[in-house]
Amino acid sequence: MSSNFNVDSIISKLHQLRHKKGKIKTKLKENEIKKLILLAREIFINQPILLELATPIMILGDIHGQYSDLFNYFDHGGYPPNGNYLFLGDYVGRKYYSTKLWKLFLSCFQCLPLSAIIDDKIFCVHGGLSPNLTSLNQIKNIKRPKEVKDHGLVCDLLWSDPSPKNKEWGLNERGVSYTYGSKVVNQFNQAYGFDLIVRAHQVVDEGFEFFANRSLVTVFSAPYYCGEFDNAGGMVIVNEELCCSFFKEIMENIGLFLFECTSDEKDRLVFRNKLKEINL
Ligand SMILES: [Mn+2]
């Protein structure tokens with residue numbers, strides 16, 4: 001990297017755009033964007049593909065380029081590095097973007113980690129589980145950069161969905177990957193000692209939605225997605241005791257509020273092993 005490349009000044013330029021609406025014109029030069037992508041790519045590929053993260057941490061689902069919403073989450077959770085965030089994917093929107101830099105962005109996205117584990121207890125992924133997944137080492141062994149095929153382990157981690165229609169595996173209406181039911185979720189969590197799966201990939205009305213008796217939660221962080229839905233945006237906040245609470249974004253600058261678990265819900269979401277350790 002050349003010495004005049006300054007990430008902090010780029011962040012500050014981007015920060016100035018937080019209240020802009022519609023088609024946002026960045027003040028960045030094409031060359032700066034290219035360098036930024038290459039730098040990010042280098043960082044991603046040197047991280048483990050299955051991240052091992054610690055609490056406290058905040059987890060966001062699809063953000064789909066809803067730029068000013070991103071800052072509302074940062075306002076609540078603290079700006080990085082003061083707040084620690086895990087984003088579960090689908091970062092870009094579907095319109096107004098240059099195809100010129102697309103290939104470069106793609107080469108960067110192909111190096112992103114695919115999943116994460118928080119304090120050994122929470123498994124995080126974009127889409128969900130896979131019938132091909134029999135050991136977490138299979139994820140660790142995936143080589144990057146990776147192209148996503150329309151079937152197989154990587155495809156399922158990115159594109160499978162939970163479904164109440166079938167307790168086991170089912171056909172996915174998207175025409176790609178599978179659906180998985182409560183039995184699959186429970187068996188997976190039991191096999192690997194997880195208490196919760198956090199995934200994204202689907203619009204959910206409240207910004208977060210539980211599945212399989214709170215063994216899985218879908219989080220979606222783009223409120224009023226595309227201007228076509230009236231969904232809230234959600235963020236999972238995991239504290240040091242592995243207690244989860246949920247921040248809900250209703251409408252920018254109008255209603256930001258924190259949904260906290262009732263004490264009963266807290267009991268079920270605090271992970272008992274960890275709690276024991278703290279009490280000792
Ligand atoms: Mn998705």
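Is Ser177 buried or exposed, and how many other C-beta atoms lie within 10 Å? In this predicted model, Ser177 is buried, because 23 other C-beta atoms lie within 10 Å, a count to be set against the cut-off of 20 or more. Ser177 is placed in the loop between strand E7 (169-171) and strand E8 (178-180), and although Ser177 is not a glycine, its phi is positive, at about 60°.

**Overall composition**

The protein chain contains nine helices and 14 strands, and of its 280 residues, 28% are buried. When contacts in the protein chain between residues at least 6 apart in sequence are considered, 64% of them join residues at least 24 apart.

**Backbone exceptions**

Most residues other than glycine have a negative phi, and most peptide bonds are trans. Besides Ser177, a positive phi is found at Asp119, where the value is near 45°; Asp119 belongs to the loop between strand E4 (115-118) and strand E5 (122-125). Asp119 is partly exposed, because 18 other C-beta atoms lie within 10 Å, whereas Ser177 is buried.

Two peptide bonds, each leading into a proline, are cis: one joins Pro80 and Pro81, and the other runs from Arg144 to Pro145. Pro81 sits in the loop between helix H3 (67-77) and strand E3 (85-87), while Pro145 sits in the loop between helix H5 (136-140) and helix H6 (153-159). The table collects the backbone angles.

| Site | Angle | Value |
|---|---|---|
| Asp119 | phi | near 45° |
| Ser177 | phi | about 60° |
| Pro80 to Pro81 | omega | about 5° |
| Arg144 to Pro145 | omega | near 0° |

**Packing of H2 and H4**

Two packed helices are described by the angle between their axes and the distance between the axes. For helix H2 (residues 30-46) and helix H4 (residues 102-109), the axes come within 8 Å and cross at roughly 15°. H2 is therefore roughly parallel to H4, since the angle is under 35 degrees, and the crossing in which H2 passes H4 is left-handed. On the H2 side, the contact is made by Lys34, Ile37, Ala40, Arg41 and Phe44, and on the H4 side by Leu104, Phe105, Ser107 and Cys108. Sorted by class, this contact of H2 with H4 comprises six nonpolar residues, one polar residue and two charged residues.

**The nonpolar core**

In soluble globular proteins, nonpolar side chains tend to be buried together. Here the largest nonpolar core has 48 residues, of which Ile59, Ile122, Cys124, Val198, Val219 and Val236 touch the most other members. For Ile122, leaving aside residues up to four places away in sequence, the residues touched are Ile117, Phe194, Asp195, Leu196, Val198 and Val238; Val198 is thus a contact of Ile122 and is also named among the core residues that touch the most other members.

**The surroundings of Gln202**

Gln202 lies in the loop between strand E9 (196-199) and strand E10 (208-211). Gln202 counts as partly exposed because it has 16 C-beta neighbours inside 10 Å, a number that falls between the limits of 12 or fewer for exposed and 20 or more for buried. Not counting residues up to four places away in sequence, Gln202 touches Asp161, Thr218 and Phe220. Of these contacts, Thr218 is 16 residues from Gln202 along the chain, and the C-alpha atoms of Gln202 and Thr218 are separated by 7.3 Å.

Conventions
Residues numbered from 1 in each chain as written. Predicted model: local features only at pLDDT ≥ 70, side-chain atom pairs only at ≥ 80, totals over all residues. Axes fitted to C-alpha atoms, helices over the stretch in contact; angles between N-to-C directions. Helix = DSSP H or I, 4+ residues; strand = E, 2+ residues; numbered from the N terminus. Parallel < 35°, antiparallel > 145°, perpendicular 65-115°, else oblique. Left-handed = near helix turned anticlockwise from the far one by under 90°. Contact = placed C-beta atoms within 7 Å. Nonpolar A, V, L, I, M, F, W, Y, C, P; charged D, E, K, R; others polar. Core = buried A, V, L, I, M, F, W, Y, C linked by C-beta atoms within 7 Å.
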